[in-house]
Each structure stands twice: as structure tokens, then as C-alpha cells.
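Below are some notes on the model you sent. They are set out as numbered points, to be read beside the structure.

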Amino acid sequence: MAKKEHVSETPATQFLRKQGVAFTEHPYTYEEHGGTAVSARELGVDEHHVVKTLIMQDEAAKPLVVLMHGDRKVSTKNLARQIGCKSVEPCKPEVANRHSGFLVGGTSPFGTRKAMPVYVEESILALDKIYINGGRRGYLVGIDPKVLANVLPVKTVQCALEE
């Protein structure tokens with residue numbers, strides 16, 4: 001059962017409050033390398049509604065953010081083709097930490113250290129509610145996915161692969 005206590009502010013929650021975004025807080029017991037399967041289980045929600053925030057880079061090592069369903073993988077080939085790059089690959093954890101300002105496992109698309117383009121799997125926007133990292137390991141926020149386009153420079157892509 002997920003704990004229901006107040007969680008201290010993170011750069012992500014400060015960003016959301018400043019933007020006037022309504023969100024629910026969902027702390028849970030973080031498991032190293034557990035991923036969205038663990039957070040979905042702990043929150044009792046469908047893993048498809050848990051959105052991972054991935055820090056990737058193009059062939060010029062320019063960082064970008066990809067928001068993907070928890071139960072899907074990113075086709076880097078399809079993503080690169082759709083965004084006009086030669087290639088896209090995940091950043092190494094320490095590089096991702098440097099770009100985002102968050103630890104891997106606690107990366108949020110909100111309140112990142114660097115402004116980066118944000119690509120969201122199109123079908124995420126059709127969900128009624130998503131659970132996305134709130135800027136700390138073991139902490140998700142529940143939001144209406146329609147607000148993503150209001151507060152982030154999102155572009156939709158179709159690059160999901162079944163896990």
C-alpha cells in the first residue's frame with residue numbers, strides 16, 4: 001500500500017505549482033532497477049498509465065526528453081526518423097543526471113536543469129490520468145496528460161514498442 005504522507009518539494013513540484021497544475025502525490029517504496037512495474041504495483045495502477053521520463057541524446061550529443069508508457073520501449077530508430085536526426089540513444093546515467101538535475105530513477109520532465117525538447121508518445125495524451133515522476137526516486141505525481149502541452153515544449157511522436 002502506498003504511503004500517504006506529504007512529500008517535501010522538489011524542483012518538479014515547485015514547477016508544477018508555479019504553473020498552476022493540479023496534481024496528486026504518490027510516494028512509494030523505491031526499488032533499485034524496479035522501474036515502472038514496481039511503481040505501478042505499489043500504486044495499484046495500470047503500468048500503461050505510468051509514464052517514464054527518459055533522457056536521450058542525438059548524434060550530436062544534444063539532450064532530449066522522451067515520455068513513454070511504462071509498459072513500452074522507445075524505438076530509437078523510429079524516434080530519430082520522426083525528429084529528423086541520424087540517431088538517438090539513451091544518455092549514460094551520469095550524463096542524464098547532469099542534463100536533468102535529477103537522479104536516474106527520479107527524473108521528471110518538470111523543472112529540469114537544462115531546457116530540452118520534450119517528445120511524448122502520442123497515445124499518452126489520450127489517457128485520462130497519468131502518473132509521472134515528481135522529481136525523486138519513489139515519488140510519482142498524478143496529472144491530466146493534457147496539461148503536458150501547456151507547461152512543456154512537447155512534440156508528439158509514435159515510437160512505442162511492446163516490451
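Contact is taken here to mean heavy atoms within 4.5 Å. The model is a predicted one.

1. Helix 2. With that cut-off, the buried residues of helix 2 pack against strand 1, strand 2, strand 7 and strand 8. The buried residues in question are T36, V38, S39, A40, E42 and L43. After helix 2 comes G44, with a positive phi near 70°.

2. Helix 1. This helix covers residues 11–18, and its buried residues are A12, T13 and L16. Viewed down the axis of helix 1, the buried residues stay within an arc of 95°, so they line one face of the helix. The general rule is that an α-helix has 3.6 residues a turn, so residues three or four places apart point the same way. The buried residues of helix 1 pack against strand 7 (130–136) and strand 8 (139–143). G20 follows helix 1 and has a positive phi, near 75°.

3. Strand 8. Both helices above pack against this strand. In strand 8, 5 of the 5 residues are buried, so the strand is largely enclosed by the rest of the structure. Y139, V141 and I143 point one way from strand 8, while L140 and G142 point the other way; all are buried.

4. Partners of strand 8. Strand 1 (residues 24–27) runs antiparallel to strand 8 and is joined to it by 4 bridges. In this pairing E25 stands opposite V141. Strand 7 also pairs with strand 8 in the antiparallel sense, over 5 bridges, and I130 stands opposite I143. Strand 7 and strand 8 form a hairpin with 2 residues between them. G138, in the turn, has a positive phi of about 80°.

5. Helix 4. Which residues of helix 4 (residues 93–100) are buried? They are V95, A96, H99 and S100. These four residues cover an arc of only 120° around the axis, which puts them on the same side of helix 4. Strand 2 (50–58) and strand 3 (63–69) are included in what covers them. Just after helix 4, G101 takes a positive phi of about 85°.

6. Q57. This residue lies in strand 2. Is Q57 buried or exposed? The cut-off for buried is under 20% relative accessible area; Q57 has 15%, so it counts as buried. Leaving aside neighbours within four places in sequence, Q57 is in contact with K62, P63, L64, S87, V88, E89, C91 and V95. Of these contacts, V95 is one of the buried residues of helix 4.

7. Largest pocket. How much space lies in the largest pocket? The computed value is about 690 Å³. The pocket is lined by 29 residues, and the closest to its centre are K52, T53, L54, V104 and G105. Helix 2 (35–43), strand 2 and helix 4 are the elements that give two or more residues to the lining.

8. Make-up of the lining. Strand 2 gives the most to the lining of the largest pocket, with 7 residues. By class, the lining has 14 nonpolar, 10 polar and 5 charged residues. Strand 2 thus appears in several of these points: it packs against the buried residues of helix 2, helps to cover those of helix 4 and lines the pocket.

Technical notes. Residues numbered from 1 in each chain as written. Predicted model: local features only at pLDDT ≥ 70, side-chain atom pairs only at ≥ 80, totals over all residues. Heavy atoms only, no water. Buried < 20%, exposed > 50% of the residue type's maximum accessible area, 1.4 Å probe, protein only. Arc of directions from axis to C-beta. 1 Å grid on protein atoms, 1.4 Å probe; cavity = no way out; pocket = protein on both sides within 12 Å on 5 of 7 lines; lining within 4 Å. Points joined across faces, edges and corners; volume = space filled by probe spheres on them. Nonpolar A, V, L, I, M, F, W, Y, C, P; charged D, E, K, R; others polar. Pairing = 2+ DSSP bridges.
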